[in-house]
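Please look through the sequence and the model below before reading on. The paragraphs that follow take up one feature after another, and each can be checked against the picture.

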Amino acid sequence: MRKAIDVGIVTILSTELDELKQVFGLSEAYLVRRQLLSNPHYYLSSIPSEASGRPLSVAFSVLPEKQGNTASAVMTAFFLRDWYPRLMCLVGIGAGVKAKCQLGDVVAPRVVVDVTVKLAY
């Protein structure tokens with residue numbers, strides 16, 4: 001059954017998901033397992049929102065073993081299929097650029113480089 005949620009959050013690394021689970025107080029009790037191994041598992045929770053006057057529903061998941069733009073696109077497609085999120089977020093450590101970023105900063109790239117694609121000359 002599909003359910004619309006407010007926010008979908010994907011992380012690249014399992015350690016990033018572990019941090020989100022700690023911040024949001026998520027345990028295995030919040031885990032929603034999918035019947036097929038090829039489908040992702042999600043953690044479901046809600047966060048209070050003064051702006052909306054109601055709690056926001058949030059689903060969290062982590063990419064499978066492979067990383068990159070293709071894996072991110074596939075996970076986003078799963079989220080769109082399963083949850084209809086109003087907002088999708090990719091949350092992580094930003095390649096660990098400590099000198100330029102602080103914890104909690106929102107970072108938006110000027111350019112996205114797909115290292116999984118090889119140029120043909």
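With a relative accessibility of 42%, D18 counts as partly exposed, and in this predicted model its side chain meets that of K21 in a salt bridge, at 3.9 Å from N to O. The two residues lie three places apart in helix α1, which covers residues 14–24, so that about one helical turn separates D18 from K21. Side chains of opposite charge can pair when their charged atoms come close.

Is K21, the partner of D18, buried or exposed? K21 has a relative accessible area of 16%, and because buried means under 20%, K21 counts as buried. Once the neighbours within four places in sequence are left aside, K21 is in contact with L26, E28 and Y43. One of these, Y43, is 22 residues away from K21 along the chain, and the C-alpha atoms of K21 and Y43 are separated by 8.4 Å.

A search of the whole structure finds four salt bridges, and another of them is formed by the side chains of R54 and D6, at 2.8 Å from N to O. This pair links distant parts of the chain, since R54 sits in the loop between β3 (42–47) and β4 (56–62), whereas D6 belongs to the segment before β1 (7–11), with the two positions 48 residues apart in the numbering. R54 is partly exposed, with a relative accessible area of 35%, while D6 is buried, with a relative accessible area of 9%. The pair does not stand alone, for D6, R54 and R86 are linked in a network of salt bridges. A further salt bridge joins the side chains of D82 and R81, at 2.7 Å from N to O; here D82 is buried, at 8% relative accessible area, and R81 is partly exposed, at 30%.

From these charged pairs the view can widen to the overall layout. The secondary structure of the protein comes to two helices and five strands, and, read along the sequence, these elements follow the pattern β-α-β-β-β-α-β. Of the 121 residues of the protein, 28% count as buried. The accessible surface comes to about 9,200 Å², and 60% of this surface belongs to carbon and sulfur atoms. Among contacts between residues at least 6 apart in sequence, 59% join residues at least 24 apart.

The strand β1 is a useful place to follow the burial in detail. How many of the five residues of β1 are buried? Five of the five are buried, and β1 is accordingly described as mostly covered. Both faces of the strand are covered, with V7, I9 and T11 buried on one side and G8 and V10 buried on the other. As for its partners, β1 runs parallel to β4, to which five bridges join it, and within this pairing V7 stands opposite V58. β1 also pairs in the parallel sense with strand β5, residues 87–90, over four bridges, and there the bridge partner of I9 is C89.

Residues of β1 appear again when the nonpolar interior is considered. Which residues make up the largest nonpolar core? This core has 10 residues in all, namely I5, V10, Y42, A59, L63, A71, M75, F78, F79 and W83. Helix α2, residues 69–83, gives the most to this core, with five residues. Apart from this core lies another, of nine residues, among them V7, I9, L26 and F60. In β1, therefore, V10 of the largest core is buried on one side of the strand, while V7 and I9 of the other core are buried on the opposite side.

One member of the largest core, F79, shows how far contacts can reach along the sequence. With its neighbours within four places in sequence left aside, F79 is in contact with G8, I9, V10, Y42, A59, F60, S61, Y84, P85 and M88. Among these partners, V10, Y42 and A59 are themselves members of the largest core, whereas I9 and F60 belong to the other core.

Definitions and conventions: Residues are numbered from 1 along each chain as its sequence is written. This is a predicted model: local features need pLDDT of at least 70, side-chain atom pairs count only at pLDDT 80 or more; totals for chains, interfaces and linings use all residues. Side-chain values use heavy atoms; hydrogens and water are left out. Buried means under 20% relative accessible area, exposed over 50%, partly exposed in between (1.4 Å probe, protein chains only). A nonpolar core is a set of buried Ala, Val, Leu, Ile, Met, Phe, Trp, Tyr and Cys residues joined through side-chain atoms within 4.5 Å. Contact means heavy atoms within 4.5 Å. Accessible areas come from the Shrake-Rupley method with a 1.4 Å probe; for residues, only the protein chains shown count as cover. Two strands pair if DSSP finds at least two bridges between them.
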